[in-house]
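Let's take a walk through this protein together. Have a look at the sequence and the model first, and then we'll go piece by piece.

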Amino acid sequence: MLATSLFGILSLSSTGLGWEWGKSGKWDHRQRTTCHGTESTINYTTISGFFQQDDSATNSKGFDYTATNYGLIDQSYPTDNKFDPNGVKTQWERFAYYVNTLNRDCDQSTQYKVLFMARHGEGYHNAAESYYGTPAWNCYWGPLEGNGTSVWRDAQLTEAGIAQCTKANSFWSHSLATEKIPAPQSYYSSPLIRSATTANLTFNGLKLPADRPFAPTIKELFREGISMRTCDERSNKTYIQNLLPAFKFEEGFTEEDELWKGYEGETSEAQRKRTKFVLDDIFSNDDNTWISITSHSGQISSNLKVLNHIAFSLSTGQAIPALIKAVNLRKVKPVTTTIQSWTAEATCISPPITSISGQGCVCSTTTSALLATATPTTSLA
Ligand SMILES: *[C@@H]1O[C@H](CO)[C@@H](O)[C@H](O)[C@H]1NC(C)=O
Ligand SMILES: *[C@@H]1O[C@H](CO)[C@@H](O)[C@H](O)[C@H]1NC(C)=O
Ligand SMILES: *[C@@H]1O[C@H](CO)[C@@H](O)[C@H](O)[C@H]1NC(C)=O
Ligand SMILES: *[C@@H]1O[C@H](CO)[C@@H](O)[C@H](O)[C@H]1NC(C)=O
């Protein structure tokens, strides 16, 4: 499965020019700056065979990364003989060494990163979606501020959501000390409160290496797919900054949410396009190899698609790792496609009479009942 023979060949092209052990990418200025343009593009491949989550035989339902060493498969790597001749290193130490050699030996257009992608813990909007059912949530309750008891505009974590983060924090604490999991070198988060809070509760207070502090950056485009529901509207920058004072914001992050509309939703095509944009940004400008991303179920699904990873759904508080190979390719011919970015979503003006799972909700009017189709996908956000 692991092509040992590749090593001999690839190491010839290793230049080491400006490259440091533990980093990824030897891309030059041109490769970094033209990838969003028409001249070149980044092609992503998920290298499977390392994590249970990249195997289509693994059932994502009920899978718990905290009970499975983040899903890292127990196996030997071609570099074990050199790195660990006495067999005393952990699986993670040997995997880290192997990944670092992939970066050392690859050509100048290639790089490898390991992404730890975590979904936020349960938020009030998740609790409400379960309580009302997905169609009624999509068609009526979701677009509201809340229901008088709970608020779900830019939803906060519930008690259960906070407990999921505490569990994640214990997992990292144990794994850093015992399994020697590589601490992330960079941390990114969605600007939505549920994800930023999850990142903080997961990584705050850990014993991290001095050169790998928990210093998260908020990136707008790691937010959830933008539906017309209020849980997808983010708070203003001042509010986020006051709540999480040590978080940094990417350059150009606006005070107000300029993307959420409240009357129509982002198409999945548009979401994939901006997902490619944010991943290209990280792969072009961040030479770190071990990257943490705290985001959302729909957004992580979109990441997985762009990364050519198999689908793997995450329940709240769950996470998925992936070994990614990124190649900077010259574009043969520039592709110009027009996509539809926004689309109307079904709603009712009062609580629906009933909701039919997988079909939609039956709106009530004074005179008649209308069948509005709700997006049957469950637990986005
Ligand atoms: C890009 O990566 C995908 C997934 O690994 C692969 O199938 C495809 O051939 C690659 N495209 C090019 C142009 O190399
Ligand atoms: C509001 O929704 C929550 C579920 O998120 C539920 O527990 C609560 O009872 C609802 N409040 C009202 C007034 O219906
Ligand atoms: C930011 O949002 C908060 C909470 O919604 C609000 O109280 C505050 O006035 C807003 N600040 C600015 C600068 O708009
Ligand atoms: C995480 O939350 C704690 C407690 O509210 C706060 O002191 C800390 O600054 C936060 N961390 C970051 C990175 O903002």
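**Starting from the core**

Of the 52 residues that make up the largest nonpolar core, Leu115, Met117 and Ile324 are the ones touching the most other members. Take Met117 as your way in: leaving aside residues up to four places away in sequence, Met117 touches Ile293, Ser295, Ile300, Asn303, Ala319 and Ile320. There's also a second, separate core of 13 residues, with Ala128, Tyr132, Ala155 and Cys231 among them.

Now zoom out for a moment. What you're looking at is a predicted model. Its secondary structure adds up to 11 helices and 12 strands. The protein has 381 residues, and buried ones make up 41% of them. If you take contacts between residues at least 6 apart in sequence, 77% of those contacts join residues at least 24 apart.

Next, find helix α7, which runs over residues 159-179. This helix has 21 residues, and from its first C-alpha to its last it reaches 29 Å, close to the 30 Å expected at 1.5 Å a residue. Which residues of α7 are buried? They're Gly161, Gln164, Cys165, Ala168, Phe171, Trp172 and Ser175. These buried residues sit on the same side of α7, because they cover an arc of only 115° around the axis. On the face turned away from that buried side you'll find the exposed residues Glu159, Ser170, Ala177 and Thr178. And what do the buried residues of α7 pack against? That would be α8, residues 193-203. Right after α7 comes Lys180, with a positive phi near 60°.

Helix α5, residues 124-132, is another good stop. Its buried residues are Tyr124, His125, Asn126, Ala128, Glu129 and Tyr132. Two of those names should ring a bell: Ala128 and Tyr132 were listed in the second core. Part of what covers the buried residues of α5 is α6, residues 134-141. After α5 you reach Gly133, where phi is positive and near 90°.

α5 also brings us to the ligands. Around ligand 2 you'll see Ala127, Ala128, Tyr131, Asn147, Gly148, Thr149 and Ser150. By class, that shell has 3 nonpolar, 4 polar and no charged residues. Ligand 4 has its own surroundings: Asn200, Asn204, Pro216, Leu244, Pro245, Ala246 and Phe247. This shell divides into 5 nonpolar, 2 polar and no charged residues. Ligand 1, in turn, has Asn43, Thr45, Asn308 and Leu329 around it. Sorted by class, the shell of ligand 1 comes to 1 nonpolar, 3 polar and no charged residues.

Let's finish in a loop. Thr58 lies between β1 (40-46) and α3 (80-83). Is Thr58 buried, exposed or partly exposed? It counts as partly exposed, because it has 15 C-beta neighbours inside 10 Å, while a buried residue would need 20 or more and an exposed one 12 or fewer. Not counting residues up to four places away in sequence, Thr58 touches Gln52, Gln53 and Phe63. Then look across to Phe312: it is 254 residues from Thr58 along the chain, and the C-alpha atoms of the two are separated by 9.0 Å.

Technical notes. Residues are numbered from 1 along each chain as its sequence is written. Chains are lettered from A and ligands numbered from 1 in the order in which they are written. This is a predicted model: local features need pLDDT of at least 70, side-chain atom pairs count only at pLDDT 80 or more; totals for chains, interfaces and linings use all residues. A residue is near a molecule or strand if its C-beta atom, placed from the backbone, lies within 6 Å of it. Ala, Val, Leu, Ile, Met, Phe, Trp, Tyr, Cys and Pro count as nonpolar, Asp, Glu, Lys and Arg as charged, and the others, Gly among them, as polar. Helices (H or I, at least four residues) and strands (E, at least two) are DSSP runs, numbered from the N terminus. The expected span of a helix is 1.5 Å times one less than its number of residues. The arc is that of the directions from the helix axis to the C-beta atoms. Two residues are in contact if their C-beta atoms, placed from the backbone, lie within 7 Å. A nonpolar core is a set of buried Ala, Val, Leu, Ile, Met, Phe, Trp, Tyr and Cys residues joined through C-beta atoms within 7 Å.
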